[in-house]
Amino acid sequence: MMTEIPFIMLDDKKSHFPLYLQIYEAIRLSVLSGNFDSQMRLPSTRSLAQQLGVSRMTVVNAYEQLLAEGYIKGKTGAGTYVASVLPEQLLQTCDTVPQRSAASHARPPHSLSKRGKWLERTYVTTSCTEDDKSFQAFQNGLPAVDKFPFDIWSRLATRWLRHPPRELLGYGDPGGFRPLRASIAQYLKASRAVRCEPEQVIIVSGAQQALDLIARVLLDADDAVWVEDPCYPGARDALHSAGAKLVSVPVDGDGFDLAAALRRRKDARLVYVTPSHQYPLGVTMTLARRLALLEWANRAGAWIIEDDYNSEYRYAGRPLASLQGLDVEGRVLYVGTFSKTIFPALRLGCLVVPPDLVDVFAAARAMTDRHSATLDQAILTDFIEEGHFARHIRRMRVLYEERQRILVAAAERELSGLLDVPPAEAGMHLVGWLPENVSDKAASESAARHRVKATPLSAYTLDLLPRGGLVLGYTSLNARQIKDGVRKLAKALATM
Ligand SMILES: Cc1ncc(COP(=O)(O)O)c(C=O)c1O
């Protein structure tokens, strides 16, 4: 029997919503809610068009959409029926999920692999910052995402997405989108004196993946690895979770202290350093220390990870060229990220490897997750090639320098005697030093009670901490948020 469809109300207010979609949606909802029985015949397109006072083509388009999605069956114009099996039924799994019994709550001991059990026991950082609160003062490591030129980014994205070339839609090169590798190689040569050809650049989903790949390709369980102390937790965790034995090495005013490292353990197979801006202390490794570290690596046949995570943000003094640029023997693995220059959620970064390691790293990448999203890589290529990347960095450098100045001035006014916050020539955060014998963990907890995030320096250390400090990110905060944060921090520290 043919049905009247009396309740389709075309809504003028929804004029931005095409008529055919309004009709489609009304019929779809009727089918889903059971108002239309399975296999019921729908009115002809002509009669429904008359009933609704719209063109027949509008109804044809609505029916075709419903046909394409499987809500109705038949041929337009030759009888159209409600489908007996709806797409929702095909897409949903059964809802009889077995409940865990109380007894099964304790996981049987054999259910995780040795590695899984080990990971479960470790202190690997899994926290994320996926809420607005994460942009509160003084969250560390976040760029000013609200200043990113999304108008340009979306224009470039639309250009690719409107007519994406077929070859960008299949499986790509595990090493990354070739034009992006070429752009990055050129950028790194010019701005960081990195010596590399495009094929040495492996595109990764952020520095974290580079660190994980390096650990898996170059380390065996129980290999000794020197890490700066204090150290970037992402690196510490990646190396630790590969089973390496971490050896903490102090950092002084010249950077990573090689002599101290050799005193602690001679047979390190790899060292992790942040020479351009030690994380989190902000020290730049001197040229003499860099040359000594390279010399040691050549002699020992060991590897150096150079994490150059935010070298773009230098406000004073001349930057030193990358450590990789001084390496003639191919011992350095250079890690870069777009998390600080674009935004962390993009998950794109690069790993520059010596020529003879290109294939093994591409294989490791393919094994992990094949490759990064090709269209994102294509958009980023255009962003770099058309000069937007360099312009954005220049603008952010000016903005961040200003934000640092505001933080230092506010700290001088409000935090005197509570926290000493010296300025820095580079970076995206400052380290505030607490008076002797004040616990930074307690200070951080007090700050949290005043809704301020101030990570204690001890959270980055393995075993050495001469004095307590708080790590204060400022780049994602405007002047008002910085001043407000400093006032709250002053209260938090005063009431400790
Ligand atoms: C020292 C260091 N390396 C790397 C990164 C960036 O990591 P990713 O590229 O995985 O976002 C950060 C971010 O905070 C960092 O502080």
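## Cavities, helix pairs and odd backbone spots

The lining of the second largest cavity has, by class, four nonpolar, five polar and three charged residues. Keep in mind that this is a predicted model. The exercises below start with that cavity and then move on to helix packing and the backbone.

**Exercise 1.** Find which residues line the second largest cavity, and sort them by class.

*Solution.* Start with the volume, which is about 70 Å³ for the second largest cavity. Next, walk round its wall: you'll meet Arg192, Ser276, His277, Thr284, Arg290, Asn310, Ser311, Tyr313, Arg314, Pro319, Leu320 and Ala426. Now sort them. Arg192, Arg290 and Arg314 are on that list, and arginine counts as charged, in line with the three charged residues of the lining. Tyr313, Pro319, Leu320 and Ala426 are also on the list; Tyr, Pro, Leu and Ala count as nonpolar, which fits the four nonpolar residues. The five polar ones are then Ser276, His277, Thr284, Asn310 and Ser311.

**Exercise 2.** Work out how many cavities of 30 Å³ or more there are, and describe the largest cavity.

*Solution.* The count comes to two cavities of 30 Å³ or more. The largest cavity has a volume of about 100 Å³. Its lining is made up of 13 residues, and those nearest the centre are Tyr187, Leu188, Glu312, Gly336 and Thr337. As for elements, helix H7 (178–192) and strand E10 (332–337) are the ones that give two or more residues to this lining. The class tally for the largest cavity is seven nonpolar, four polar and two charged residues.

**Exercise 3.** Decide how H8 and H9 are oriented: roughly parallel or oblique?

*Solution.* First, take the geometry: helix H8 (residues 207–218) and helix H9 (residues 233–241) pack at an angle of about 30°, with axes 9 Å apart. Angles under 35 degrees count as roughly parallel, so H8 and H9 are roughly parallel to each other. The crossing of these two is right-handed. Then look at who touches whom: H8 brings Gln208, Leu211, Asp212 and Ala215, while H9 brings Gly234, Ala235, Ala238 and Leu239. By class, this contact of H8 with H9 has five nonpolar, two polar and one charged residues.

**Exercise 4.** Do the same for H6 and H13: at what angle do they pack, and what is in the contact?

*Solution.* H6 and helix H13 (residues 374–385) pack at about 125°, and their axes are 9 Å apart. That angle makes H6 oblique to H13. The H6–H13 crossing is right-handed. On the H6 side you'll find Ile152, Trp153, Leu156, Ala157, Arg159, Trp160 and Leu161, which meet Leu375, Ala378, Ile379, Leu380, Asp382 and Phe383 in H13. The class count is eleven nonpolar, no polar and two charged residues.

**Exercise 5.** Locate the cis peptide bonds at phenylalanine 138 and proline 280, and the positive phi at alanine 193.

*Solution.* Take them in sequence order.

- Alanine 137 and phenylalanine 138 are joined by a cis peptide bond with omega about -5°. Phenylalanine 138 sits in the loop between helix H5 (114–121) and helix H6 (150–162).
- Alanine 193 has a phi near 55°, which is positive in a residue other than glycine. Look for alanine 193 in the loop between H7 and strand E4 (201–204).
- From tyrosine 279 to proline 280 the peptide bond is cis, with omega near 5°. Proline 280 belongs to the loop between strand E8 (270–273) and helix H11 (287–300).

Technical notes: Residues numbered from 1 in each chain as written. Predicted model: local features only at pLDDT ≥ 70, side-chain atom pairs only at ≥ 80, totals over all residues. Heavy atoms only, no water. 1 Å grid on protein atoms, 1.4 Å probe; cavity = no way out; pocket = protein on both sides within 12 Å on 5 of 7 lines; lining within 4 Å. Points joined across faces, edges and corners; volume = space filled by probe spheres on them. Helix = DSSP H or I, 4+ residues; strand = E, 2+ residues; numbered from the N terminus. Axes fitted to C-alpha atoms, helices over the stretch in contact; angles between N-to-C directions. Parallel < 35°, antiparallel > 145°, perpendicular 65-115°, else oblique. Left-handed = near helix turned anticlockwise from the far one by under 90°. Contact = heavy atoms within 4.5 Å.
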